[in-house]
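Colleague: I have a model open in front of me and would like to learn how to read its features one by one. Could we begin with a small one and work outwards?

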Amino acid sequence: MSLKTIAAKIFAHRIAKRTDRWVNNPIETQENVFRELIAKGSKTKFGKDHNLKTIKTHSDFIAQVPIRDYEELKEYVNLAVDGQENVLWPGKPLYFAKTSGTTSGAKYIPITEGSIKEQVKASRNAILNYIHETGKADFVTGKMIFLQGSPILTEKNGVKLGRLSGISAHYVPNYLQKNRMPSWETNCIEDWETKVNAIVEETKKEDMTVIAGIPSWVQMYFEKLKENTNEYVGDLFKNFELFIYGGVNYEPYRKKFETLIGRKVASIELFPASEGFFAYQNSQSEKGMLLLLDAGIFYEFVRSDEFFDEHPKRITLKDVEIGVDYVMIITTNAGLWAYNLGDTIRFISTYPFKIVVSGRIKHFISAFGEHVIAKEVEEAMLAATKATDASVSEFTVAPQITPQENELPYHEWFIEFEKLPSDMGLFIKELDSALQKQNSYYYDLIVGKVLQTLKVTPVKSGGFLEYMKSIGKLGGQNKVQRLSNDRKVVESLSKYKA
């Protein structure tokens, strides 16, 4: 056993003890975070505009600080982008994470010294937790790859600017620098296809033990590895032990990954975003991710089915219920106040507080009042592929409100099959049935003959990649939108039908 392996186990044990302290005192931990954020925020322009110094309770906070999304907080963000200090958080942000907005072009998410430290700490602790739980640490001596955006940063009014994954690349600890892949030069390549090809050349002869990234883009890397070497990834990298992912649900990709790898590997799910690092998988034997309560983030929750009411109820951790879909509202040490992240989560346990990501509040289908969410379509897809031995690369779903004459409306699934189902009729039946079982509104619409059974439109091999490339979102942190309440995505996909 190497010194590095021994050190990793000792460090993992120490971090596990620290984690236990806040896990066992969740409500008190969140109350402490709340007080610290209010105290610091009261000194800013936002704090003065909202009289934060008078806030003592969560009720006060609700009364004085409304829920906002990026567009509604934009006037403050723009002041910080223009170079003003003490706008949302004391001083200037350390970085702006630049992301693509849906309604107004680029979004600039502030990242402070405190918030980037929490991002780095959470990534580290997720791996250390795995070491502590399993006792496995030999992988720390091998090579590790994190498929990410370019680390090249620009500057705007004295603040560095880039993608979150690129910013994070500057915080790889010294003890991992020799293990990190790809090279800095390769990581700086902007074109995703060129970059993946270069990564394949650099890594195919290395002892890769940890591979991380968004599943759809890691799949592309695995496919190119197999094409280049004619070997299973698990044979090429004999010590490949751990896959780390976030951003999308892994389950629709798992079967394809195991085929490409040639065996099963352990995995850790993360829940990071430019706005903060919220949770990580802390058990290999249980589902869900541990919500991080001591990471400079105060959480509020609004039931998804009440979110668009005039005065939706905002609750804290102590009042959440298992099995309910909530919109997660965050207040952070980067200066985001009662911020609607846009993600919906569901608690699968309390004490400890563990969650699954169930979708996006803006990404749903409710053209007929059914309010179908991402988790439901993903679980339906998993059931259908298991029942028919099909394999799926990518898919998205949209409503068809204006079908052909004398035909009922329906949900249309655009699916890129890796392996076609042996019986397409059975596949569609299982897919529709699984969705009905999860969503009573959808069931009622089918039974009441308001909707007909869903329809499947096959997409040609590589069609989703071509579509993502056509809209300038190939690789990096970009991911396929799983479902939408209109037909904008599927209309663009139509040219890639099989």
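Modeller: Let us begin with one pair of residues, keeping in mind that this is a predicted model: E155 has K160 in strand 5 as its bridge partner.

Colleague: Which strands does that pair belong to, and how many bridges join strand 4 to strand 5?

Modeller: The general idea is that strands of a sheet pair through backbone hydrogen bonds, in either the parallel or the antiparallel sense. Here strand 4 (154–156) and strand 5 (159–162) run antiparallel and are joined by 3 bridges, and the two form a hairpin with 2 residues between them.

Colleague: What is the sign of phi at N157 in the turn?

Modeller: As background, most residues other than glycine have a negative phi, and most peptide bonds are trans. N157, which lies in the loop between strand 4 and strand 5, has a phi near 50°, a positive value in a residue that is not glycine.

Colleague: You mentioned peptide bonds as well; where should I look for a bond that is cis?

Modeller: One is the bond from M181 to P182, with omega near -5°, and P182 sits in the loop between strand 6 and helix 8 (184–187). Another is the bond from Y351 to P352, with omega near 5°, where P352 is placed in the loop between strand 14 (339–349) and strand 15.

Colleague: Strands 6, 14 and 15 have now been named, so in what order do the strands stand in the sheet of 11 strands?

Modeller: That sheet is open, its pairing is mixed, and the order of its strands is 6-3-7-8-9-10-11-15-14-13-12. Strand 6 (180–181) and strand 12 (297–303) each have a single partner strand and stand at the edges, so each has one side without a neighbour in the sheet. At the strand 12 edge, the pairing with strand 13 (residues 325–332) is antiparallel over 7 bridges, and I297 stands opposite T332 of strand 13.

Colleague: Does a record say anything about this stretch, and what are its helix and strand contents over residues 291–351?

Modeller: An unreviewed UniProt entry places the feature "domain: GH3 middle" at residues 291–351. Over those residues the chain is 0% helix and 44% strand, with the end C-alpha atoms 11 Å apart.

Colleague: Turning to side chains, how many salt bridges are counted, and what does the one between E286 and K354 tie together?

Modeller: The count comes to 22 salt bridges by the rule used here. In one of them the side chains of E286 and K354 meet, at 3.2 Å from N to O. E286 lies in the loop between strand 10 (276–280) and strand 11 (289–291), whereas K354 is in strand 15 (residues 354–360), so the pair ties together parts that are 68 residues apart in sequence.

Colleague: How is the protein divided into domains, and how many residues of each are in contact?

Modeller: The domain assignment gives domain 1 (1–362) and domain 2 (364–493), whose C-alpha centres lie 28 Å apart. In the contact between them, 29 residues of domain 1 meet 26 residues of domain 2. The area buried between the two domains is about 2,400 Å², and carbon and sulfur atoms give 52% of that area. On the domain 1 side, W217, P252 and K255 lose the most area to domain 2, together 22% of what that side buries. The rule also finds 3 salt bridges across this interface. As for single pairs, K469 forms a salt bridge with E193, in which the closest N and O atoms are 2.6 Å apart.

Colleague: In the sheet with the order 16-17-18, which strands stand at the edges, and which helices pack on the sheet or lie across its strands?

Modeller: In this open sheet of 3 strands the pairing is mixed. Strand 16 (391–400) and strand 18 (455–458) are the edge strands, each with a single partner, so one side of each is left without a neighbour in the sheet. Neighbouring strands are turned by 25° against each other on average, direction ignored. Strand 17 (residues 410–419) pairs with strand 18 in the parallel sense over 4 bridges, and W413 has V456 in strand 18 as its bridge partner. Helix 13 (residues 374–388) packs on the sheet and touches strand 16 and strand 17, its direction making about 130° with that of strand 16. Helix 14 (residues 424–438) lies across strand 17 and strand 18, running at about 125° to strand 17.

Conventions:
Residues are numbered from 1 along each chain as its sequence is written. This is a predicted model: local features need pLDDT of at least 70, side-chain atom pairs count only at pLDDT 80 or more; totals for chains, interfaces and linings use all residues. Side-chain values use heavy atoms; hydrogens and water are left out. Two strands pair if DSSP finds at least two bridges between them. Axes are lines fitted to C-alpha atoms, for helices over the stretch in contact, and angles run from 0 to 180 degrees between N-to-C directions. Contact means heavy atoms within 4.5 Å. UniProt positions are given in the numbering used here, feature names are shortened, and annotations may be inferred rather than shown by experiment. Domain bounds come from an automatic or database domain assignment. Buried area is the accessible area (1.4 Å probe) that two parts lose on being put together, summed over both. A salt bridge is a side-chain nitrogen of Lys or Arg within 4 Å of a carboxyl oxygen of Asp or Glu.
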